[in-house]
Amino acid sequence: MASTETTPKTRKTDDLAGLEAGLDALDSVQIRRTPVREVLVKKVLPPIVAVALVLVTWQLLYWAKVTDEFKLPAPAAVWDSLTEMWRAGTLLSVLWTSVSRALLGFLLALAIGTPLGLLVSRVRFVRAAIGPILAGLQSLPSVAWVAPAVLWLGLNDSMMYAVILLGAVPSIANGLVAGVDQVPPLFLRAGQTLGATGFKGAWHIVMPAALPGYLAGLKQGWAFSWRSLMAAEIIASSPDLGLGLGQLLEYGRNNIDMAGIFLAIILILIVGIAIDLLIFSPLERAVLRRRGLLTKN
């Protein structure tokens with residue numbers, strides 16, 4: 001008569017198979033395509049509702065006459081200012097003047113801040129010498145650089161780019177330094193064992209491992225670039241510089257045009273949100289997906 005009892009060897013084999021199956025389940029990341037309806041409900045609808053609530057509250061405050069009309073214009077007045085600029089053909093040129101300056105200044109800051117951050121993070125003497133200076137520069141308001149930049153370079157685009165660089169380079173460099181500090185030492189030793197030293201080690205080991213912190217520094221660097229440019233355009237306005245969003249804001253103040261001021265503020269906010277959604281958010285999702293930290297497409 002055959003025995004129905006399992007032998008110890010069989011039980012061990014079954015336990016090992018179960019353990020391997022569990023580890024395989026942990027290693028595999030279930031990636032699924034998010035349905036369009038779910039995207040609309042979770043990502044598109046909430047900001048639309050938030051904007052609608054702000055507009056309704058704004059309109060109610062206007063109807064309640066909580067202050068003078070020239071201090072708090074109606075949303076319709078801001079819309080009229082927008083349509084007037086569109087019909088005059090100045091809206092896109094104003095946006096392009098500021099956006100092109102900010103993007104070019106940010107790319108220059110990226111080209112300077114990245115090697116500077118690598119140098120500070122990898123060379124102890126350089127870190128001890130200029131590390132605190134970079135931290136101090138990052139906390140210094142960018143508007144403080146406008147006055148000396150005007151005296152050094154005059155009222156021109158070079159002055160604008162200088163203010164952007166002084167505001168953005170420390171953020172990018174410090175972000176990369178923070179990312180490199182979080183790289184496990186084992187990665188660096190493994191790279192050295194494989195011959196990845198010097199530039200090869202920085203390119204193939206340090207930069208990929210420090211990418212999350214580096215991207216955070218880039219986002220902060222863009223924010224500093226955009227704010228530095230707005231400060232420069234507001235303070236150093238000149239016909240030779242063209243009309244940007246900062247100048248538009250300043251012209252509204254000089255003409256006591258609160259609708260124009262609100263329009264400039266909204267456009268500045270829209271540009272900042274658009275750059276984050278179109279550039280930095282896709283980069284972050286790509287990095288997280290490659291590292292298995294994003295379970296949805």
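For sorting residues here, Ala, Val, Leu, Ile, Met, Phe, Trp, Tyr, Cys and Pro count as nonpolar, Asp, Glu, Lys and Arg as charged, and the others, Gly among them, as polar. Keep that in mind for the pocket, since the residues that line the largest pocket divide into 19 nonpolar, one polar and two charged. One thing to know before going on: this is a predicted model.

Let's start with the overall layout. You're looking at a protein with twelve helices and zero strands. Of its 297 residues, 34% are buried. If you take the contacts with a separation of 6 or more, 72% of them are between residues 24 or more positions apart.

Now back to that pocket. The largest one has a volume of about 880 Å³, and 22 residues line it. If you want to find its centre on screen, look for Val51, Ile266, Leu269, Ile270 and Ile273, the lining residues that lie nearest to it. Helix α12 (258-290) gives at least two residues to the lining, and so do α2 and α3 (75-88). The largest share comes from α12, which supplies eleven residues.

Helix α12 also leads us to the aromatic rings. A search of the whole structure turns up four aromatic pairs. In one of them, Phe106 and Phe280 have ring centres 6.1 Å apart and planes at 85 degrees; over 60 degrees counts as edge-to-face, so that is what this pair is. The pair ties together distant parts of the chain, with Phe106 in helix α4 (residues 91-122) and Phe280 in helix α12, 174 residues apart. Both Phe106 and Phe280 are buried.

Trp222 and Trp226 make another pair, and this one is stacked, at 5.7 Å centre to centre with 15 degrees between the planes. Here the partners are four residues apart, about one turn of the helix, and both lie in α10 (residues 211-235). Why do the two tryptophans count as buried? The cut-off is under 20% relative accessible area, and Trp222 is buried because its value is 5%. Trp226 is buried too, because its relative accessibility is 6%. Put the two pairs together and you get one aromatic cluster, formed by Phe106, Trp222, Trp226 and Phe280.

While you're looking at rings, check Phe224 as well. The charged end of Arg227 sits over the Phe224 ring, 4.7 Å from the ring centre.

Next, a couple of backbone oddities. Most residues other than glycine have a negative phi. Lys65 isn't a glycine, yet its phi is positive, at about 55 degrees. You'll find Lys65 in the loop between α2 and α3. Lys65 counts as exposed because its relative accessible area is 64%, and the cut-off is over 50%. Ile256 also has a positive phi, near 50 degrees, and sits in the loop between α11 (245-254) and α12. With a relative accessible area of 62%, Ile256 is exposed.

Finally, go back to helix α2 (residues 36-64) and pick out Leu60. Is Leu60 buried, exposed or partly exposed? Its relative accessible area is 49%, so Leu60 counts as partly exposed. Leu60 and Ala74 are 14 residues apart along the chain, and their C-alpha atoms are separated by 9.4 Å.

Conventions:
Residues numbered from 1 in each chain as written. Predicted model: local features only at pLDDT ≥ 70, side-chain atom pairs only at ≥ 80, totals over all residues. Heavy atoms only, no water. Buried < 20%, exposed > 50% of the residue type's maximum accessible area, 1.4 Å probe, protein only. 1 Å grid on protein atoms, 1.4 Å probe; cavity = no way out; pocket = protein on both sides within 12 Å on 5 of 7 lines; lining within 4 Å. Points joined across faces, edges and corners; volume = space filled by probe spheres on them. Phe/Tyr/Trp six-rings, centres within 6.5 Å; stacked < 30°, edge-to-face > 60°. Lys NZ or Arg CZ within 6 Å of the ring centre and 35° of its normal. Contact = heavy atoms within 4.5 Å.
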